[in-house]
Amino acid sequence: MQLWTAPDPAPNPQRVSAFLRVKGISLPETRLSLVRREHKSAEMLAKNPRGQVPFLELDDGRVLAETISICRYLDELHPEPPLFGGTAFERAETDMWIRRAETLLGTPVGLAWQHDHPMTAALVAQIPAMGKAARVQAAAALGWFDGQLQGKSWLAGDRFTMADIALLSIVDFGRWIGIAAGDDLSALNAWHARATARCA
Ligand SMILES: N[C@@H](CCC(=O)N[C@@H](CS)C(=O)NCC(=O)O)C(=O)O
């Protein structure tokens, strides 16, 4: 089994790395340079036609892409500690928070990166108004997550899950492109410190 990935700060590779650290799993990995577009080579597109990282290549040649799918597969192979939940309710609750992290915050952070950042200007036909609007939406989402984390350790209450890893990677990438939680978002900031320590 081999993981094709990229160095930080790429948020999706970062999620799988954090997941592997929390699980105590070590996998052979190859880091592709996104700047040099190595993930778009014919060899890589033959493995993952989506042209993105991360993806997991099994020993028999089958490939799993999409961060959450990769981690879900590895979670079944290495059940402890369970990061997707141990019961039907817990698994559904984890999914719910993953989707909220990806749609409410991940989507506007991704749009801000594509439409309002100099590093992507040569790659995307940028629509500046979309980038600016996405920053406003991302700021609102940070406030929403702060509200949801009041009085809780983790998104799913007492359970640290894949949803916390997903949200952490998005919050960190958001910071990297200038979308930061203000000091007033105390629950989110306290969660961020806890989650960072948990994934170290
Ligand atoms: N939905 C995918 C997203 C993967 C993704 O966007 N990866 C980024 C790195 S963080 C990438 O490969 N970007 C290069 C590109 O899209 O060309 C997942 O969850 O793995």
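## Fold and ligand site of a predicted model

Read from the N terminus onward, the protein runs β-α-β-α-β-β-α-α-α-α-α. That makes 7 helices and 4 strands. The radius of gyration is 17 Å, close to the 16 Å that the globule rule gives for 200 residues, so the protein is as compact as a globular protein of that length. Along the principal axes, the C-alpha atoms fill a box of roughly 50 × 45 × 25 Å. The model is predicted, and every value here is computed from it.

**The ligand site**

Where does the ligand sit? The space taken by the ligand is the largest pocket. The residues around the ligand begin with A10, P11, N12 and P13. H39 and K40 belong to the shell too. So do G51, Q52, V53 and P54. E66 and T67 complete the list.

Which element gives the most to this shell? Helix α1, residues 11–23, does, with 3 residues. By type, the shell residues divide into 5 nonpolar, 5 polar and 2 charged.

Three side chains make polar contacts with the ligand, as listed here.

| Residue | Ligand atom | Distance |
|---|---|---|
| K40 | oxygen | 2.9 Å |
| Q52 | oxygen | 3.0 Å |
| E66 | nitrogen | 2.5 Å |

K40 and Q52 each place a polar side-chain atom by an oxygen atom of the ligand, at 2.9 Å and 3.0 Å. E66 instead pairs an N or O atom of its side chain with a ligand nitrogen atom. How much of the ligand does the protein cover? On its own, the ligand has 510 Å² of accessible area, and the protein covers 75% of that.

**Backbone features**

Most residues other than glycine have a negative phi, and most peptide bonds are trans. Three places in this model are worth checking against that background.

The V53 to P54 bond is cis, with omega about 5 degrees. P54 lies in the loop between α2 (42–47) and β3 (55–57). Both V53 and P54 are among the residues around the ligand, and this cis bond therefore joins two members of the shell.

A cis peptide bond also links E80 and P81, with omega about -15 degrees. P81 is in the loop between α3 (67–77) and α4 (88–115).

What is notable about the phi of R37? The value is positive, near 60 degrees, in a residue other than glycine. R37 is found in the loop between β2 (29–31) and α2.

Methods
Residues numbered from 1 in each chain as written. Predicted model: local features only at pLDDT ≥ 70, side-chain atom pairs only at ≥ 80, totals over all residues. Heavy atoms only, no water. Near = heavy atom within 4 Å. Polar contact = N/O pair within 3.5 Å; in protein donor to acceptor, adjacent residues only side chain to side chain. Areas by Shrake-Rupley, 256 points an atom, 1.4 Å probe, with all protein chains shown as cover. 1 Å grid on protein atoms, 1.4 Å probe; cavity = no way out; pocket = protein on both sides within 12 Å on 5 of 7 lines; lining within 4 Å. Sits in = over half its atoms within 2 Å of the grid points. Helix = DSSP H or I, 4+ residues; strand = E, 2+ residues; numbered from the N terminus. Nonpolar A, V, L, I, M, F, W, Y, C, P; charged D, E, K, R; others polar. Rg over C-alpha atoms; globule rule 2.2 N^0.38 Å.
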